[in-house]
Amino acid sequence: MRQDKLLAPLTPVRRRPGRGVSPALRGERSILRGIGVTLLWMVVAISIAALVWMVAQAFRDTRAILDDPWGVPTSLDFGNFVRAWTVGDFAVATWNSLLTTVVSSVLTVAIAAPCSYYLSRVDNKLTQGLSLYFILGLGIPAQVILIPLFVMLNKVYLTDSIMGLNLVYIGVSMPFTVFLLTAFFRSLPLEMEEAAALDGTTAFGTFWRITLPLAKGGILTAFILQVISHWNETLLALTLLQSTEKYTLPVALISFVQQQTYSGADWGGLFAGLVIVVLPMLIIYVWLGRRLTEGLTLGMGK
Amino acid sequence: MTLHLTEPRTDGTPAQSAESRKPVPRTSRRGSRPGGSSIDVQRKKLLIPFVGPAFVLYTVLFIVPALGAVWISLHKWAGSGPMKFVGLDNYGRIFRDQLFLSSFGNTLLLLFVVGTAIFVLAFALTLVLRDMAGKKIARNVIFFPHLINALVFGVLAGFIFNPGGMVNSLLAPLGVTDPPKWLAQDNIFPLIMVTLVCTTTGYFTTILMAGVDRIPPYYYEDCALAGASAFQRLRYVILPLTWDVFGTCAVLWTISSVKIFEIVWVFGGSSGAGVPPTQSWTAAVYTYVNAFSGQSTPAYGAATASAVLSLALISVLVVLLRRAMRRDAVEF
């Protein structure tokens, strides 16, 4: 009914012409909207404040934090970081996390890119089936593979090993990375590859010398997305790693939290630990933010 | 894909060009066979080196364990020693286990209640953000929590909601002398739900906005010309044109909500023996505790049965969602 009204040529409703912009593009000035905008900016302000607050607390000692959680640090005191770094095993954990994240992300992309290229360029029953097979993994939650993976890796002595964790991360990241990169390769124009092929470049050559350089952006996006998810991954690391010197950051953080039950809360150290977990993500986000949001929304709609 | 040689190749030097002006047969250079040009034939040979590694790693480290989970869930097994085949017994057992039912119930609460809240809020935010000044800044800020490990929120909540913590110190001047015990075992889960809504909405807002931004502006102009109200514009333009994005978001949330583990694991800071109170368990926590907590004999069968049920839940919901969301694609 309403639709008829919308579609039928109505008696022209006169609107005051906007200043340059069509009326449709100017927001309505309703109260509801005003409230919404205000609330939104409040959320934005609180989010930024919370982040700044968290970093600030990391520079204060536990007693000062508990006495006055709203306070600001009086001096730049790295004591918490030093303590977290030395006592809380965060030094080893940071190194492990860094190593795992970089190695597994590089390998994930290096292995997924050729596969995605093949799936995007060859179109037959087999590749359609393979694409589906890879997408299947997107829907399997980590807790399903947790126990069998532990049993399997235990048999080949790859539990409690950074190498084993790397392997697991690569395998688990395949569905998403292949999915993302296939969509990306499909969006690239074919003309350059065809031209190269005419000039006698081999199939591998067109991939290596034409498509890869063209796809730098998409590959970097896929890499950064993997860095983020591997840096934050908790459940698999918690299951597969047992000794302190193998812990990655999230596992170290959990063990640090649990130690406090017995040794009294060391909020200063804990805040330092949180900052160590969050800060790299913030740096990446500020540096490559647009690429990230685009990557995460790529192929969502179409 | 075929290569079209519509024009004969002309090379730079004039001496050659005379020769090459003769029509070049299409099969000249590499003798392409029927059914595809040479590059296609060549490319097909790359199947093993290109797809092979990804296929093997994915199969061995993902698909085989997933199938293994189904296999283990049919057995009674403590992780070592003999496996005893018990058929579907484990499923029957966990359905009689009060703890599993409450954990699974919590997962459903996250999935549906938190999901609904997130979607309503995200859509409202999208509408507000659509033509707001400074929308990029706002959007970038609310997206950021998605990149932070949920552990961080769990730990922070422990600090903020402490009996002597920040929330209570904020409430005190407002005359709340007897604030609720935020971190009491029964209150933790609702608090987790609220935290999740706060930290996840931004991500879905970003995705929905990408959908809304695709709508060409002349549609809105059309609406204005036709005198459509804001609600009509929402109902007949924005919603139908972003419907597919909604579907994608719903699938994404279904998958990610069933995985939720780390925030529950540390929520409220420290929780006694390292295992969160049972009232706040999710299906993922149930799986982990039953297999790895070290508190009792590991029950791998029951643990994987719970995980397999989560997978079944996801599969059913994704199929239903796809069916429910299937509409004629609106081309624009």
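**Exercise 1. Determine which residues of helix 2 of chain A meet helix 5 of chain B, and how the two helices are oriented.**

Solution. In this predicted model, A:Arg33, A:Gly36, A:Val37 and A:Leu40 are the residues of helix 2 of chain A that meet helix 5 of chain B, where their partners are B:Leu125, B:Leu127, B:Val128 and B:Leu129. The next step turns to the axes, since two packed helices are described by the angle between their axes and by the distance between them. Helix 2 of chain A spans residues 31-57 and helix 5 of chain B spans residues 98-130, and their axes come within 10 Å and cross at roughly 100°. Angles of 65 to 115 degrees count as roughly perpendicular, and therefore helix 2 of chain A is roughly perpendicular to helix 5 of chain B.

**Exercise 2. Decide whether A:Trp95 is buried or exposed, and place A:Trp95 in its surroundings.**

Solution. A:Trp95 lies in helix 5 of chain A, which covers residues 90-121. The relative accessibility of A:Trp95 is 51%, and because exposed means over 50%, this residue counts as exposed. On the surface, A:Trp95 forms a nonpolar patch together with A:Leu98, A:Leu99, A:Val102, A:Val103, A:Val106 and A:Leu107, and the accessible area of these residues together is about 570 Å².

**Exercise 3. Describe the secondary structure, burial, contacts and surface of chain B.**

Solution. Begin with the secondary structure of chain B, which comprises 14 helices and two strands. As to burial, 51% of the 332 residues of chain B count as buried. Considering next the contacts in chain B between residues at least 6 apart in sequence, 66% of them join residues at least 24 apart. Finally, chain B has an accessible surface of about 15800 Å², and 64% of that surface belongs to carbon and sulfur atoms.

Conventions
Residues are numbered from 1 along each chain as its sequence is written. Chains are lettered from A and ligands numbered from 1 in the order in which they are written. This is a predicted model: local features need pLDDT of at least 70, side-chain atom pairs count only at pLDDT 80 or more; totals for chains, interfaces and linings use all residues. Side-chain values use heavy atoms; hydrogens and water are left out. Patches are made of residues with over 30% relative accessible area and no salt bridge: like charges are joined within 9 Å, nonpolar side chains (Val, Leu, Ile, Met, Phe, Trp, Tyr) within 5 Å. Accessible areas come from the Shrake-Rupley method with a 1.4 Å probe; for residues, only the protein chains shown count as cover. A salt bridge is a side-chain nitrogen of Lys or Arg within 4 Å of a carboxyl oxygen of Asp or Glu. Helices (H or I, at least four residues) and strands (E, at least two) are DSSP runs, numbered from the N terminus. Buried means under 20% relative accessible area, exposed over 50%, partly exposed in between (1.4 Å probe, protein chains only). Axes are lines fitted to C-alpha atoms, for helices over the stretch in contact, and angles run from 0 to 180 degrees between N-to-C directions. Angles under 35 degrees count as roughly parallel, over 145 as roughly antiparallel, 65 to 115 as roughly perpendicular and the rest as oblique. Contact means heavy atoms within 4.5 Å.
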